[in-house]
Amino acid sequence: MYNDKVMDHFFHPRNVGEIENPDGAGQVGNPICGDVMRITLRIKDGKIEDIKFKTFGCGAAIATSSMVTELVKGLPLDEAVKVSNQAVAEALGGLPPQKLHCSNLAADALHTAIEDYRGKQGEAIGPGPSDGLLKPRPLAAPLQEPR
Amino acid sequence: MNREMNAPERRVYLDHSATTPVRPEVLEAMLPYFSAEYGNASSVHSWGREARIAVDLGREKVAHLIGATLSEIIFTSGGTESDNLALRGVAWAKRSKGNHIITTKIEHHAVLHTCEALEKEGFKVTYVGCDKYGMVDPEDVRAAITPETILISVMHGQNEVGTIEPVAEIGKMAKEKGITYHTDAVQSAGRIPLSVNDLGVDLLTMSSHKIYGPKGIGALYIRKGTRIAPQATGGVHERGLRAGTENVTGIVGFGEACMLAEKDLPEESKQLTALRDKLISGILTRIPDTILNGHPTIRLPHNVNVSVKYVEGESMLLNLDLMRIGASSGSACTSGSLEPSHVLLAMGLPHEVAHGSLRMTLGRSNTGEDIDYVLETLPPIVSRLREMSVFGKPS
């Protein structure tokens, strides 16, 4: 069912683990459908300095999680955010059709982690010191007290 | 990546509920009927007569295994076709008497999908539930009976979790109420002793390839006097109930397999039960956060089904396969659908626990060393997968 590249990532997954105090974290999927992935990021100078994953799921789920981390480690965020489900599946040399939804989850977990990082940066702008590296996002609503 | 290079010598097959190898004696019995005695059993000439004798002999052996008579055995292409014939055949034959069928949530898909199809054709079906052991309560079946009920179908040996259902009790009830009663005995016939009169069934499904016979042949026991509408039409074969040139080699093989099963059953079931229990207790003690699925004692002698928390089934199977161990799972990913095993869900298991199920079904080839090998191999696989998992405490 799975080709050699998928099996390699399944038996020797890259970047397994959890970054402590991550700059961004994303978890997608749910136990009901049987695949859950969690990606944590360390961001430095706008690049993904480190990335780790944890996955509850099948062969394709683990392989796609591993591949997505390999694809984006070291990339600037603007490029990492462009990595799609198809890119992950293609990098693995293809997946059986009934397993393609697993590759969706891997890309989604990455994007959720990036959004989480960006959201945290957005919230940091406001009353209080800014690190000066990021432009403040336009706020549609009046400033609220930080939670 | 060449996975075969460092593969261990030992190969351990633990999927005997999926299929079994053909026994040497069975193969030997079949061979003459491929090219030497190859006649069509319905032909008048000597080639036909040879084939007819072989078919009758095979039929006799199949009947003997379940305490039936020769004329009550119909050959089909397998368990699935037998289930189809039983359900559709009785439903349509008795349509004028009523349109209600009672079955269970834990049946094999061959029964469930056929019932769903019958619902689309105007029949009403009640799917009775089970307890946490996958055991059906006869009282739940009784409660579902209406004046319109024409058929009850409750399986004997549950194929996923091994629970042996109270078929005899339900049989008594069905007889009192005059309702036709079918059981899918694909996993039980040839593995545990059974007799159609003790069970009180009117129809019983059997499959050859589960008991060391060839694939592509099964049987339906039909009690004398049971009204049934043929589904495969086109000839007078099998007393007009199932058309098609007899699969002589298959029938001969199936007959031989039944005869051997009957002879070996007492010793084999004792041995398998011991290996089964060793494997179950080994897993439950060596790997934390595991649970047994199915009834602990009222259980098929060869069936082990456990849920390993925090880990998914297919990923366990792939790792086991690397170590040349073959098993199966009830996870969604192994079934090809988005839902895990309908049986485990019917038993009340949460989805994520159902996804982590592992089914290992033993057979004649398995030894104590095989069990030891599995018990050495599985715990590190589980630890590694748990370290990678989103859920659970670190091991």
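This is a short tour of a sheet in chain A, the helix lying across it, and a histidine of chain B. Keep in mind as you click along that the model is predicted.

**Stop 1: the sheet.** Select β1, β2 and β3 of chain A and show them as a cartoon. You have an open sheet of 3 strands in the order β1-β2-β3, with antiparallel pairing. The edges are β1 (24-30) and β3 (47-56) of chain A, each of which pairs on one side only. Direction ignored, neighbouring strands here are turned by 15° against each other on average.

**Stop 2: one pairing in detail.** Now narrow the selection to β1(A) and to β2, residues 35-44 of chain A. These two strands run antiparallel and are joined by 7 bridges. For a handy landmark, pick Gly24(A): Leu41(A) in β2(A) stands opposite. Switch on backbone hydrogen bonds if you like, since strands of a sheet pair through them.

**Stop 3: the helix across the sheet.** Add residues 59-72 of chain A, which form helix α2. Helix α2 of chain A lies across β2 and β3 of chain A, and its angle to β3(A) is about 175°.

**Stop 4: over to chain B.** Select His351(B), which sits in helix α13 (residues 351-355) of chain B. Is His351(B) buried or exposed? Partly exposed, because it has 18 C-beta neighbours inside 10 Å, and being buried would take 20 or more.

Which residues are in contact with His351(B), leaving aside neighbours within four places in sequence? Display Pro31(A), Ile32(A) and Pro340(B) to see them. Finally, draw a C-alpha to C-alpha distance from His351(B) to Ala332(B): the two are 19 residues apart in sequence and 9.4 Å apart in space.

Notes:
Residues are numbered from 1 along each chain as its sequence is written. Chains are lettered from A and ligands numbered from 1 in the order in which they are written. This is a predicted model: local features need pLDDT of at least 70, side-chain atom pairs count only at pLDDT 80 or more; totals for chains, interfaces and linings use all residues. Two strands pair if DSSP finds at least two bridges between them. Helices (H or I, at least four residues) and strands (E, at least two) are DSSP runs, numbered from the N terminus. Axes are lines fitted to C-alpha atoms, for helices over the stretch in contact, and angles run from 0 to 180 degrees between N-to-C directions. Two residues are in contact if their C-beta atoms, placed from the backbone, lie within 7 Å. A residue is buried if 20 or more other C-beta atoms lie within 10 Å of its own, exposed if 12 or fewer, and partly exposed in between; C-beta atoms are placed from the backbone.
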